[in-house]
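Me: I would like to go through a structure feature by feature and learn how each one is read. Please give the general idea before the case.

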Amino acid sequence: MGKLIKKEDAYYPDKEFKKRAWVKDNSIYKKANRDPIKFWDELARELHWFRKWKKTFKHEPPYFHWFTGGKINISYNCLERNLEKRRNKVALIWEPEPKNERERVFTYYDLYRQVNKFANSLKEMGVNKGDVVGIYMPMIPESLIAMLACARIGAIHTVVFSAFSPKALNIRLNQTNAKILITADGYYRKGKEMNLKANADKGSKGTKVKKVVTVRRTNSKIKKKKGDCYWDEVIEKQKDYCKPAEMNAEDTLFILFTSGSTGKPKGVMHACGGYTVQAYWTAKLIFDLCDNDIFWSTADIGWITGHTYSCYGPLLNGTTFVLYEGVPDYPETDRWCHIIEKYGVTTFYTAPTAIRMFEKEVGKVKENLKTLQLIASVGEPINEEAWKWFFKQVGKGNCPVLDTWWQTETGGILITSLPGVGPFKPTFAGMPFPGVQTDILDNKGKKVKANQKGNLVILPPFSPGMLRGVYKNPKKYKKTYFGEYGDKVYFTEDIAYKDKKGLVRIVGRADDVIKVAGHRISTGEMENIIDSNNKVAECAVVGIPHKIKGETPVVFVVLNPKKKATEKDILKLITEGIGKIAKPQKIFFVKDLPKTRSGKIMRRILRKFFTGEDLGDLSTLANPQTVDEIKKKIKK
């Protein structure tokens, strides 16, 4: 398998490791940088197109288009494209959380038939090309089948994380006018049976959803209402072939909502052509996917990592991959180790939150995990202690640790080290993916020097899988992503710096989005929900460091005069409005919040109460006395 060689503060692959890798040296970067458009053009040719594109890249700032005139279908590329050589190869292994249940295994041909059957079911229900289908599902095979079936007929899927509340589901269904909702009766989480159908019913009230298709996962009794049907019943008599829709490269493949720095979540749109090309190539080159690999991404399909690397990326590469229903530390703290050993996982992709949890709960890993060749991290910057533990205990000092940076908006990984090239340096993501142009700028738009922090930006021609807009909100798209440095520079809202070798390290967010256990939570969205209670005059939410979760929310609430509310009241608002993942570490009731004379709440001061940093200049505050009052509250 090869080994890693340490040079100074980083690790590099040896000759043996390079032999296996798709990319063995730096020449790919030089080639891509000479002409990024030509580079992506050549990569795109390896996929199946019904019709070749007329123009590779078109830029109409702030909008851009890839493979204009081309016709493609991602479902065809995931399935038919693999049938000739991999018809009977295992595509998907599903591991249920309850250990007394058996796994389910799907070959590429099994998956092909199931996707086609459900695609025909959707058509029979009246779903047409361009219609939006809501998917509110746990980590079960039918979730992926539903996504692929939508893509097959040209319907746009919008997946909502199964742990989100009914209210959060309702907002997303209403924004997209989804006409069909696919869900499950329930699922298992830490040994508990979760009633998902009840949440789906609440969430679909007052929307344009006409039919709810339910998968029997727990076989629990559900209240059947008008428009309800069961998954197994609707596919029972369907034919196992459905002609794939020939999609324009710039047609919308899916909408995925992401938290923003202001109240409402943004519906990020990804296009059929560019996303397919980027998902295929980033999965192939970054994870070095080969025919005998077993890939496991722990990401839920409710997030972009779940879309690209728990579904589309592995399938586009004809890879065998694992899907696990539950939490990786249940019922034993090292359940994740058992899964790796049970299936011979070669590539393990998880979040720093999970890594820190493994370190705390397991400590020294007893299992040899000898099949692992690559281990990778996603969701937030990984701290040095967690990186080193992951490298030594899980990778046994022989597996490259790939620290990957990307966003819901980018569609795929944009910065990391390639396995056959390296280097792998603790806390550094690495180099931009070949064909991706990035820079780090100060607030005036000037390039910063090595080891100097600045704003991470992406430059034209942009990567093919990046977002094409915010659903029904072009102003939001322009203001959020192209409002800082003009309409030709994409503002990532992340702070970063480069070392002298050009390796990028992500430091944190420039906005008010926090990452709780790798999940993006908008403090603005939380504040809107809390403010909706008439007992609340105003509030502020900040993210503070957390050893396991990375960050966790803390809430400050100012009540209206003569109104009373408890922590329980505020907690209920948050869990109903967003979900339990947004549960705050602490809720403080205060008389006032520190504000500037213009009325802006100084959240940085609230955050610094917990980080131990100097509070800085308080002279701009209109009410400096609040600082001491809040300090005393926190100390109590």
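Me: Which residue forms a salt bridge with Glu-16?

Reply: Side chains of opposite charge can pair when their charged atoms come close. In this predicted model, Glu-16 pairs with Lys-19, and the closest N and O atoms are 3.8 Å apart. The cut-off is 4 Å between a side-chain nitrogen of Lys or Arg and a carboxyl oxygen of Asp or Glu, so the pair counts.

Me: Where do Glu-16 and Lys-19 lie?

Reply: Both are in helix H1 (residues 15-20). They are three residues apart, about one turn of the helix. Glu-16 is partly exposed at 43% relative accessible area, while Lys-19 is exposed at 59%.

Me: Which parts does the salt bridge between Asp-293 and Arg-20 tie together?

Reply: The side chains of Asp-293 and Arg-20 meet at 2.5 Å, N to O. Arg-20 belongs to helix H1, whereas Asp-293 sits in the loop between helix H11 (272-286) and strand S18 (294-297), so the bridge ties together parts that are 273 residues apart in sequence.

Me: Is Asp-293 buried or exposed?

Reply: Asp-293 is buried, because its relative accessible area is 2%, and the limit for buried is under 20%. Its partner Arg-20 counts as partly exposed at 26%.

Me: How far apart in the chain are Glu-567 and Lys-586?

Reply: The side chains of Glu-567 and Lys-586 meet in a salt bridge of 3.6 Å, N to O. The pair links distant parts of the chain, with Glu-567 in helix H18 and Lys-586 in strand S34, 19 residues apart. Glu-567 is partly exposed at 38%, and Lys-586 is also partly exposed, at 36%.

Me: How many salt bridges does the structure hold, and which residues are linked in a network?

Reply: There are 36 salt bridges in the structure. Glu-95, Glu-103, Arg-335 and Lys-342 are linked in a network of them.

Me: What about charges without a partner? Which residues gather in a patch of positive charge?

Reply: A patch is made of residues with over 30% relative accessible area and no salt bridge. Here Lys-192, Lys-549, Lys-580 and Lys-583 form such a positive patch on the surface. Lys-583 is in the loop between helix H18 (567-577) and strand S34 (586-589). Lys-583 is partly exposed, with a relative accessible area of 45%, so it passes the 30% cut-off.

Me: Now the cysteines. How many disulfides does a search of the whole structure find?

Reply: A disulfide is a covalent bond between the sulfur atoms of two cysteines. The search of this structure finds zero. Cys-242 is in no disulfide, and the nearest cysteine sulfur, in Cys-150, is 11 Å away. Cys-242 is buried, at 1% relative accessible area.

Me: Why does Cys-311 not bond to Cys-78?

Reply: The two sulfurs are 6.4 Å apart, too far for a bond. Cys-78 holds the closest cysteine sulfur to that of Cys-311. Cys-311 is buried, with a relative accessible area of 0%.

Me: Let us turn to the backbone. Which residues does a cis peptide bond join?

Reply: Most residues other than glycine have a negative phi, and most peptide bonds are trans. One cis bond joins Pro-61 and Pro-62, with omega about 5°. Pro-62 lies in the loop between strand S3 (55-60) and strand S4 (63-68). Another cis bond joins Gly-422 and Pro-423, with omega about -10°. Pro-423 is in the loop between strand S23 (415-416) and strand S24 (431-432).

Me: What is the phi of Glu-8, and where is that residue found?

Reply: Glu-8 has a phi near 55°, a positive value in a residue other than glycine. Glu-8 is in the loop between strand S1 (4-7) and strand S2 (10-13), and it counts as exposed at 68% relative accessibility.

Me: And Glu-493: is it buried or exposed?

Reply: Glu-493 is buried, at 11% relative accessible area. Its phi is also positive, about 70°, although Glu-493 is not a glycine. Glu-493 is found in strand S28 (residues 490-498).

How values were computed:
Residues are numbered from 1 along each chain as its sequence is written. This is a predicted model: local features need pLDDT of at least 70, side-chain atom pairs count only at pLDDT 80 or more; totals for chains, interfaces and linings use all residues. Side-chain values use heavy atoms; hydrogens and water are left out. Patches are made of residues with over 30% relative accessible area and no salt bridge: like charges are joined within 9 Å, nonpolar side chains (Val, Leu, Ile, Met, Phe, Trp, Tyr) within 5 Å. Accessible areas come from the Shrake-Rupley method with a 1.4 Å probe; for residues, only the protein chains shown count as cover. Lys and Arg count as positive and Asp and Glu as negative; His and the chain ends are not counted. The place of a charge is taken as NZ of Lys, CZ of Arg, CG of Asp or CD of Glu. Helices (H or I, at least four residues) and strands (E, at least two) are DSSP runs, numbered from the N terminus. Buried means under 20% relative accessible area, exposed over 50%, partly exposed in between (1.4 Å probe, protein chains only). A disulfide is a pair of cysteine sulfur atoms within 2.5 Å.
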